[in-house]
Structures are given as structure tokens and as C-alpha cells.
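I opened this notebook to record what I looked up at one interface. The entries follow in the order of my queries.

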Amino acid sequence: MEQYLILFKNDFDDFVERLAKIQKLVAPVKRGSKSFAFDEVTAAEDVSLNYIPTILPPKKYFMPQNETIVEYEKKQNKWEAILYSEAITLFGVHTCDLAGIQCLNLVFSDRPNDVHYIIRKKRILIIGLECNDYCDEYATCGLMDNHNANGGYDLLMTELEDRFVIHVNTVDGEELMGKLAMVKPADAESMTMLNKMRNKKREVFQPEIDIERKELKPLFEESFQAEVWDSIHEKCLSCGNCTNVCPTCYCYDVEDEIDLDFNKGKMVRKWDSCQSRPFAMISGGENFRPERGGRQRHRYMRKFNYPFEKYNRYFCTGCGRCSRTCMAKINLKETIETLIEEKK
Amino acid sequence: MKRKTVAFFDFTCCEGCQLQVANFGEELLDILAAIDVVMFREVMSEKSDEYDVAIIEGSITTPHDVERIKEIRETATTVIALGSCASIGGINGMKNSFKLEDVQSYVYGEDGKNYFETIPTMAVHQVVDVDYFVHGCPIYPPEFVKILKYALQGLPYTVKDEAVCVECKLNENECMYEKGLTCLGPITKAGCNSWCINYGNICYGCRGMVKETTKNASIDVIKKYDIPMDWIMGKFDMYNKATESEEKK
Amino acid sequence: MERTVLLKSPYVASEGRIIESRFLTKEEKYFKIALKGGKLLDFVPGQFVMVAIPGAGEAPISISSSPSQVGYFEIVVRKVGTFTSAIHMLEEGDMIGIRGPFGSGFPVRMLEGNDMLFIAGGLGIIPLRSLINYVIDNRRDYGKVSILLGCKSPENLLFSDELDEWQQRLDVNLACTVDRAAPDWDGNVGLITSLIPGVTLDSHMTYAIVVGPPVMYKYVLTELVKKEVPESQIYVSFERHMKCGVGHCGHCQMGSLYCCKEGPVFNYAKIKDNIEAL
């Protein structure tokens with residue numbers, strides 16, 4: 001049976017403190033003057049409930065920026081695949097980022113599946129946090145249908161006036177809430193409030209671009225030769241910000257790090273960006289994606305075209321991070337709008 | 001593996017990069033177990049004319065420097081340029097924005113200028129072949145160790161040609177441009193783990209530029225953030241004047 | 001942080017030992033490798049392995065020997081960067097890590113009963129040699145066998161002893177050309193495309209297998225189409241930057257295709273419209 005709980009805001013401090021005692025608790029916190037980041041918290045005062053998407057998405061807990069995947073000993077010619085992991089409660093994940101994690105789950109479950117990712121994922125309990133309104137003008141979650149959660153969480157919290165309504169989606173979530181006395185079953189009043197808010201959301205969140213979602217795939221499929229890539233080529237600095245902040249970018253490099261004894265060492269998986277010049281270059285020097293325009297096109301195709309073929313799903317969550325972070329002001333909404341114009 | 005003999009040399013520089021090595025702390029013991037240091041003026045009094053690896057700090061700024069670096073190159077099997085002065089010319093490159101006579105009289109005075117010969121600042125590779133580049137002002141110690149390992153194994157090492165922004169994002173720093181500051185991260189070669197920005201400073205471009213020139217894009221960004229062009233050029237010239245016109249290493 | 005050893009990770013490497021090595025030219029070195037405990041590397045021609053060297057990292061390397069040779073496999077590596085410099089330092093008795101085999105190989109069963117036209121430019125002969133020797137080892141199962149080889153100069157020719165053997169066989173036609181040569185070279189001089197018009201073939205029962213540097217494909221494929229070889233009967237194999245071998249790391253992607261997983265062998269008809277492939 002579907003289960004809803006409530007937590008009154010008066011109890012929020014206590015709630016966070018208790019959660020942090022059960023296992024490592026990670027939540028959005030303020031970073032710098034205007035930005036946010038997921039980080040470890042121990043008290044409610046550290047948590048920013050009202051935040052725009054964090055600099056890096058929560059993918060950093062699922063595939064860390066630097067991750068040891070192999071340890072070796074040269075003299076013994078011994079190679080071991082290794083995972084370093086910990087149990088984490090990931091609190092306050094917006095619905096766009098829930099969708100991002102779902103995309104990564106698909107990729108790393110592809111055969112041969114990446115057990116490093118899969119085991120780490122199992123050790124993370126996800127508490128989502130619904131967005132009742134837009135974070136800012138960069139988001140396209142309405143178009144991508146990620147303003148509401150489509151699964152992908154153990155618990156989902158919705159902020160309503162003096163309380164949170166919590167949807168329990170998994171047994172793990174139920175078990176965790178069972179440990180917290182301040183969380184009560186939801187009453188009819190709370191459910192009415194929730195429904196009222198959801199109805200209001202239907203008006204607030206509308207497709208941000210004038211295109212039907214299902215038309216995005218054909219739009220991109222037919223746009224390999226579009227002129228927009230030439231103008232983006234001129235704009236792009238090739239800094240890699242757009243891919244590093246993307247919740248569904250998962251490309252990586254593997255680096256060898258040997259100790260100074262030249263015997264023990266490890267292989268480290270590191271985030272890599274298809275926007276950097278050497279990404280598709282082979283050691284002979286041939287570069288298969290030498291143009292910045294071509295590299296940007298590749299990034300877009302990996303969101304709107306290729307994954308749709310493979311997983312029947314877009315890999316753009318609508319979080320808006322790529323546009324928000326781009327110094328050259330390459331804007332996802334504008335790119336799509338230009339493509340629509342070009343097609344006409 | 002036979003331990004290689006290593007000698008440190010300084011040219012025009014502040015010797016701060018060698019100080020970084022001397023200051024390694026515990027890891028220095030691991031390094032000293034892997035190499036045999038035969039000359040390192042900052043930490044020992046012994047000297048040697050024989051060495052496998054020459055680690056060069058400083059730029060080439062006098063005719064005497066040119067002769068000396070050529071001799072070192074002939075002796076050493078491996079030459080490592082240590083720090084910006086050696087790897088890209090660095091701060092000393094600012095001299096190249098002025099006439100040599102003016103520089104001479106400014107530094108040594110009208111009476112002294114004739115006693116000291118000077119030439120435009122050059123990075124080490126502009127005079128002799130360099131096998132490894134450890135960029136930075138000062139060097140980033142973990143990168144030095146990493147490159148040293150490649151050098152000791154006799155394997156080529158290429159500094160990854162991507163911007164400081166890449167590492168900065170992975171460290172999840174708030175962008176300096178968001179704070180209203182100008183930062184050379186977008187055009188500066190990574191490898192320092194965005195060291196300065198992690199500690200709240202901007203990137204000064206001390207590691208040299210990324211290979212791909214994005215002139216139009218850079219001008220766009222400068223305009224958008226309303227940054228005076230001469231100001232950004234001043235920042236750029238601070239480290240990159242000596243090597244601005246060459247194909248980037 | 002808890003440390004877990006993962007036995008089922010795609011990053012688990014097998015222990016390989018170099019049992020023979022020699023320089024084929026100044027730049028290319030040959031290695032014969034056996035897996036620990038006589039473990040079989042179960043591969044088809046056209047597949048590759050990820051080779052790991054502590055301190056230098058990992059790189060994708062084509063298998064050059066035929067699977068009909070058991071107990072070992074062979075690779076040939078040109079020295080171009082960090083990893084390849086490291087492997088050039090290795091000799092008989094040295095140990096390396098091996099993952100794989102990875103990728104799609106050549107469809108050897110489907111090719112049976114057909115004429116084979118092998119076209120290799122430069123280092124393309126290294127992976128193609130696996131298939132050529134496989135076909136020669138099962139010679140009766142195939143029709144006419146023609147091999148066209150091209151490289152920069154006679155000094156760059158790989159496997160010259162083997163080329164002589166192929167040359168002497170009645171059931172193999174071999175033609176060779178170099179881009180430039182000293183006056184004492186009595187063979188062909190010119191691009192590999194110049195050899196194609198001279199080949200007599202029954203286009204409908206010919207499968208053409210083309211492996212070479214990126215610049216070569218366009219010209220060779222044009223010549224083959226002129227010869228009326230159906231596009232669906234042409235196979236190509238690509239070289240790309242690879243870091244994982246299992247279709248995750250993204251480096252080898254060409255359009256939507258992962259070269260390491262869906263390739264490196266591709267059917268020309270299926271790839272000709274992929275603008276990032278050719």
C-alpha cells in the first residue's frame with residue numbers, strides 16, 4: 001500500500017541530527033556567494049533546503065571524480081579490481097537529479113555491468129526533495145518532464161507550509177523512517193495540501209521551449225549539419241564545464257599511478273570531458289573530433305539523440321547546469337530554439 | 001631499477017620551486033629512496049659534474065646562461081624544466097615587453113648597465129631540448145612527483161591539454177566569474193588541481209596556455225563580463241610573454 | 001571507506017607473460033604472449049585486448065595472430081607515446097596485464113564460401129593478419145584469396161617472411177606497393193588504391209576487408225564501389241582512443257556507436273552515413 005508520512009518543520013532540526021547519526025548524511029549546502037554543493041552535514045543549519053542545482057550533481061557520490069578501480073603489485077604481477085565505498089544517506093535531491101541518477105544506473109548496468117558503480121549505488125539511500133517552483137530561468141525540467149519525480153528515490157519530501165509530506169517508495173526508506181519518532185503517518189489534511197500543491201505545479205511548470213518532447217529526438221537526428229554548431233564553435237572555450245556539471249555525463253579516463261617504489265600502484269578512474277581537445281585523439285596524433293563545434297554537437301547528441309536510440313529516454317534532465325555554468329553563455333534553450341528555427 | 005643521479009640547477013628565478021621540493025616533508029624520503037641527488041644547492045654542499053637527470057629552475061636571460069644550459073644538456077641524459085621560469089619563461093618574460101637597453105639602465109643604472117649583458121628572456125626549451133615540463137609558479141608538488149616517476153622510468157609524459165576549469169569544477173569551487181573576479185583558468189593548462197582557486201585565489205595563468213586558441217570566444221567572454229582588454233592582457237603577459245608566439249608545448 | 005575486492009569487475013586483468021619479442025622494424029616491436037596457466041584467450045580475428053603495464057597504464061592493442069594458433073597470441077606495437085614506449089622496453093619473461101578480448105571481430109562464419117579481398121594500409125596489416133592467417137589455416141572453406149598491401153616504404157614492411165610465404169602459395173594472390181622507395185626496389189610504387197583496378201573479382205561473391213589509417217578509407221572504398229563490390233560485403237576496422245574496452249568511457253564513440261563494443265569491425269553499409277566514422 002502506498003505510504004505517506006509527515007514531518008513538521010519544528011522537528012526538522014531533530015530529524016537531520018538523527019539522520020546524521022544513523023549514517024553519513026549528505027545534503028545541499030551553501031558554497032561561495034551564489035552557489036551550492038552536496039556535502040556532509042550534521043545539523044539542519046548546514047542544510048540549504050532552498051537551493052538552485054548544486055555546482056556538481058550528486059553523481060559524484062555514485063562515480064567519484066577520482067576513483068581507485070584497480071590495485072596492482074608489479075613484482076607479483078597481481079591485479080585486483082577494488083571498490084572503496086561507504087553507506088550514505090543522500091538528502092534533498094531535486095527531481096531533475098533523481099532523473100540523472102536513473103540515467104547513470106542504465107549506463108552502468110549495461111553488459112558487462114560496472115560492479116564498482118552498482119555496489120556503490122546500493123549503499124546510497126536517496127531522499128528526494130520536490131521542487132514546488134522553478135529554481136531559475138535556466139531549467140527546462142518542464143519540457144523534460146522531470147519537475148515531478150518519476151521514481152528513483154527511497155523517500156521523497158515535499159515542503160508544504162509548516163510541514164513536509166514524505167512519500168515512501170522503498171522498504172529501505174520505510175525502515176529508515178521507522179527509526180525516527182518525529183515522523184508520523186500523513187493525515188487527510190496533509191494529503192489535501194499535497195494535492196493542492198501538485199495541481200498548482202501543473203500550471204507553474206510548462207514546456208520552456210515550444211516543442212513537444214517526442215520531437216526532440218528527430219530534431220537532433222536531422223541536425224548533424226546544422227549551422228548552429230558553427231556558431232557554437234566560435235563561442236565555445238572548450239573548458240569542459242558543461243560536461244563536468246552534467247548529471248548524465250559519465251565519460252572517464254583511467255590513469256595509472258605507481259608508487260615511488262615502482263612496484264605497488266593503482267589505476268584511477270577520473271571524470272573526463274568530450275569537450276577537451278585530446279579526448280578523441282589517438283597516440284599517433286590523429287584527432288577524430290578536432291573542432292569545438294563538433295565536440296559540442298556530440299555533447300548535445302549524447303543527451304537528445306543517442307540515448308533515445310539505446311534506452312528510449314533523453315539524457316537531458318532539464319537541470320540547466322550546462323547553461324548556468326557556461327562562461328561563453330552557450331545556452332541549451334537557445335540552441336534548441338535555433339535548431340527549431342533552422343528546421344523551419 | 002638502477003637509481004639515477006639527479007642534479008638541480010638554478011638560472012634566473014627565485015629558487016622557490018626547488019624550495020617546494022626541499023619542503024616535501026615525509027614524501028621526500030620516498031623520493032630520495034628512488035633517486036641519488038648529487039647536487040642541490042639549497043639543501044646540500046656537495047657538487048658533481050656528472051648526473052643523469054638535470055632539473056632546471058629558472059629562465060635563460062644572459063649569454064652566459066645560454067652557454068651554461070648547453071653544457072648541462074650535453075652532460076645530462078634527461079632534462080626537466082622545473083617551474084614557470086624554466087618551462088614557459090614565466091615572470092621574467094615581462095622583460096620582453098621593454099627595450100633591452102631600458103631594462104638594463106633601469107636595473108643597473110646608467111653607470112652599471114654596461115657591465116651586465118642581457119638577452120630577451122627564454123624558456124629552457126627555447127635554447128636546448130627539454131624532456132619533461134613541470135609547470136607552475138611554484139610547481140605543484142604532486143605533479144612534480146608524478147612527472148619524476150615518468151622520467152625515472154624513461155617514459156614520455158605529456159601534460160594533459162585541458163583548462164584549469166576542468167580540475168576546478170571537479171573540486172566544486174564556485175566560479176571566480178560568479179564572484180565578479182577575472183580568472184585565467186579557462187585558458188590555462190591544467191595539472192595543478194586548481195590549487196590557487198581551491199584556496200580562494202584566482203588563476204594567474206602560471207602554467208602556460210592550452211594549445212587550442214579560442215580567441216573569438218575569449219574576447220566574447222571578456223566583453224560579456226565587462227573586463228577591460230588591457231587588464232586581461234596584463235594578466236596574460238605576467239607569465240606568458242616569453243612564449244606567447246611559439247607553438248605551445 | 002570499506003575496501004572490497006571485486007572478482008567480477010570488467011577491470012580485472014589476467015596475468016600475461018611475454019614468451020618472445022623482437023623488433024620487426026625500427027619502430028614496430030612484436031610480442032608473443034601467453035596467459036598464466038595456459039588460459040585460452042578466446043577471440044575471433046579483429047578483436048583486441050587491453051594491455052596494462054604498471055607505471056605506464058593501459059592501451060587497446062589489436063591481436064595479430066590467428067585464433068587457430070593456440071597457447072599464445074601475438075601483438076605488434078609501434079612506438080608513438082607513453083604506453084608504447086613502455087611496452088617497447090619489455091622483453092621475454094616480462095609480465096603484463098591482459099583484459100579482453102573485446103569488440104566485435106570479423107564475421108568469419110559468414111565469410112565462408114566467398115572470395116576474400118584483403119586490403120591493408122600501413123599498420124592495418126597487424127589486425128588483418130589475424131584474419132588472413134585464419135582464412136589460410138581454413139583455406140578450403142573460402143574462395144579466391146587476394147591480399148593488397150601498402151605502406152610508406154620497403155623498410156616499413158611488416159612480417160616480410162610471412163609475406164614471402166603468402167606470395168609463394170598457389171592459393172593466395174598477393175600484391176604489394178610502397179609510397180616511395182629506393183631505386184633497388186623492384187616492386188610497385190604508388191598508393192594502395194592504384195592496386196585495386198588491376199584486381200579481377202567476381203563482385204557478388206567477394207567480401208572486401210579494409211584496414212588502414214583513417215585517410216585511406218575514403219579512397220579505397222570509392223575504388224571498391226567502382227568495382228561493384230556491394231557495400232554490405234565490405235568490412236572495415238577502426239582505430240580510436242579507448243580507455244575501458246566495455247563501452248562506457250566514451251573516448252572511442254563515433255556518433256552513437258562505441259568502437260570498442262559495437263566495433264572495431266564494422267560493416268560498411270551500416271556505417272557509411274555515420275559522419276564521425278569515415
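Which residue of β1(C) is the bridge partner of A:Leu83? I looked this up in the predicted model and found C:Thr4.

**Entry 1, strand pairing.** I then examined the two strands as a pair. β5(A) and strand β1 of chain C, residues 2-6, run antiparallel to each other and are joined over 5 bridges.

**Entry 2, extent of the contact.** I next took the totals for the interface. Chain A contributes 55 residues to the contact, and chain C contributes 43 residues. The two chains bury about 4200 Å² between them. Of that area, 57% lies on carbon and sulfur atoms.

**Entry 3, charged and polar pairs.** I counted 5 salt bridges between chain A and chain C. I looked up the one formed by the side chains of A:Asp253 and C:Lys243, for which the N to O distance is 3.4 Å. For polar contacts between the two chains, I noted 28 residue pairs, with both residues at pLDDT 80 or more.

**Entry 4, the chain A side.** I listed the elements of chain A that each supply at least two residues to the side touching chain C. Among them are the strands β4 (66-73), β5 (78-85), β11 (252-258) and β12 (264-271). The helices α3 (95-109), α4 (115-122), α11 (292-304) and α12 (306-311) also belong to this list. β5(A) gives the most, with 7 residues.

**Entry 5, composition.** I sorted the side of chain A that touches chain C by class and recorded 27 nonpolar, 10 polar and 18 charged residues.

Methods:
Residues numbered from 1 in each chain as written. Chains lettered and ligands numbered in written order. Predicted model: local features only at pLDDT ≥ 70, side-chain atom pairs only at ≥ 80, totals over all residues. Heavy atoms only, no water. Contact = heavy atoms within 4.5 Å. Buried area = accessible area lost by both parts, 1.4 Å probe. Salt bridge = Lys/Arg side-chain N within 4 Å of Asp/Glu carboxyl O. Polar contact = N/O pair within 3.5 Å; in protein donor to acceptor, adjacent residues only side chain to side chain. Nonpolar A, V, L, I, M, F, W, Y, C, P; charged D, E, K, R; others polar. Pairing = 2+ DSSP bridges.
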